[in-house]
Amino acid sequence: MTGASGGIGAAVARLLADQGAKVALLARRADRLDDMARQIKASGGEALPVVTDVTDPDALSAASDQVRQTLGPTDLLVNSAGTLVVEMAEGGDFARWEELIDVNVNGVIRSIDAFLPDLLLAGSAGKPSDLVVVSSISADVVNPLMAAYGASKAATSHLSANLRAELGPKGVRVTAVEPAVVETDLLKQANAPMYDQYMTQPFSSVKVLQAEDVAQVVAFAVAQPQHVNLSRVTVYATRQP
């Protein structure tokens with residue numbers, strides 16, 4: 001589970017652990033990972049905190065080895081690490097856009113590279129094997145404040161669709177989960193006046209999605225019979241326009 005220290009990643013990890021999965025918690029913030037692991041273990045689950053950074057391929061390779069040695073081969077990878085930049089291109093900080101692409105796109109590719117051998121091993125043995133990418137409705141929605149973010153999510157959704165065609169015949173299911181507005185720290189950290197005007201304020205009277213809602217969707221997708229692959233799942237709050 002990448003991005004496991006908060007938001008959707010943390011919610012998915014908790015839910016899967018409650019359902020009996022052994023979960024590896026991958027993220028950069030050691031203190032939050034340790035707290036999460038303690039909470040999961042206190043509830044009777046099994047969790048392994050692994051401090052890593054999806055921008056570092058060597059760290060991800062080491063994380064994969066540590067997970068395999070401690071918990072066994074990986075049969076489910078959930079890519080949830082991500083960041084958000086809210087600004088127009090004119091006057092924007094393109095260095096931040098590059099950093100976003102490195103996390104949201106290259107980070108997913110690096111994570112897949114590190115864990116794919118285990119997923120293929122499980123698939124070839126006829127065991128459940130799942131690759132889940134947390135994308136966004138921004139993959140298809142035009143928003144001039146989120147050009148870089150939308151491009152990154154379009155890339156990962158399209159990547160998922162192509163990987164499904166390749167890996168499905170090898171027993172590995174690939175699912176892109178595309179939530180609409182989710183109330184997480186990522187959204188709060190945007191801290192952009194224009195974003196607040198055009199996004200936050202209009203939804204102030206709408207019950208938006210929570211991270212736990214998206215976690216339920218992920219858990220549902222990977223719980224399907226092995227011959228069923230929910231390849232692309234879009235999730236809206238009922239009253240969100």
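At roughly what angle do the axes of helix α4 (residues 94-124) and helix α5 (residues 147-167) cross? The views below come from a predicted model, and we start with that pair.

**View 1. Helices α4 and α5 pack with their axes within 8 Å of each other.** The two axes cross at roughly 20 degrees. Angles under 35 degrees count as roughly parallel, so α4 and α5 are roughly parallel to each other. Their crossing is right-handed. From α4, the contact draws on Trp 97, Leu 100, Ile 101, Asn 104, Val 105, Val 108, Ile 109, Ile 112, Leu 116 and Leu 120. Facing them from α5 are Ala 147, Ala 148, Tyr 149, Ser 152, Lys 153, Ala 155, Thr 156, Leu 159, Leu 163 and Leu 167. Sorted by class, this contact holds 16 nonpolar, 3 polar and 1 charged residues.

**View 2. Helix α1 (residues 7-18) crosses helix α8 (residues 211-222) at roughly 55 degrees.** Here too the axes come within 8 Å. With that angle, α1 and α8 are therefore oblique to each other. The crossing in which α1 passes α8 is right-handed. On the α1 side you can pick out Gly 7, Ile 8, Ala 11, Val 12, Leu 15 and Leu 16. The α8 side supplies Ala 211, Glu 212, Val 214, Ala 215, Gln 216, Val 218 and Ala 219. By class, the α1 and α8 contact counts 10 nonpolar, 2 polar and 1 charged residues.

**View 3. Helix α1 also packs with helix α2 (residues 30-42), at an angle of about 20 degrees.** The axes of α1 and α2 lie 10 Å apart, and the angle makes these helices roughly parallel to each other. Once more the crossing is right-handed, with α1 passing α2. Ala 10, Ala 13, Arg 14 and Ala 17 of α1 meet Met 36, Gln 39 and Ile 40 of α2. The class count for this contact is 5 nonpolar, 1 polar and 1 charged residues.

**View 4. Glu 178, a residue of strand β5 (residues 173-179), makes a polar contact through its side chain.** The partner is the side chain of Arg 232, at 2.7 Å. Is Glu 178 buried or exposed? Buried means under 20% relative accessible area, so Glu 178, at 2% relative accessibility, counts as buried. Leaving aside residues up to four places away in sequence, Glu 178 touches Ser 135, Ser 136, Ile 137, Ala 139, Asp 140 and Ser 157. Arg 232, Val 233, Thr 234 and Val 235 are also among the residues that Glu 178 touches.

How values were computed:
Residues are numbered from 1 along each chain as its sequence is written. This is a predicted model: local features need pLDDT of at least 70, side-chain atom pairs count only at pLDDT 80 or more; totals for chains, interfaces and linings use all residues. Side-chain values use heavy atoms; hydrogens and water are left out. Helices (H or I, at least four residues) and strands (E, at least two) are DSSP runs, numbered from the N terminus. Buried means under 20% relative accessible area, exposed over 50%, partly exposed in between (1.4 Å probe, protein chains only). A polar contact is a pair of N or O atoms within 3.5 Å; within protein, one must be able to donate a hydrogen and the other to accept it, and residues adjacent in sequence count only if both atoms are side-chain atoms. Contact means heavy atoms within 4.5 Å. Axes are lines fitted to C-alpha atoms, for helices over the stretch in contact, and angles run from 0 to 180 degrees between N-to-C directions. Angles under 35 degrees count as roughly parallel, over 145 as roughly antiparallel, 65 to 115 as roughly perpendicular and the rest as oblique. A crossing is left-handed if the near helix is turned anticlockwise from the far one by less than a right angle, and right-handed if clockwise. Ala, Val, Leu, Ile, Met, Phe, Trp, Tyr, Cys and Pro count as nonpolar, Asp, Glu, Lys and Arg as charged, and the others, Gly among them, as polar.
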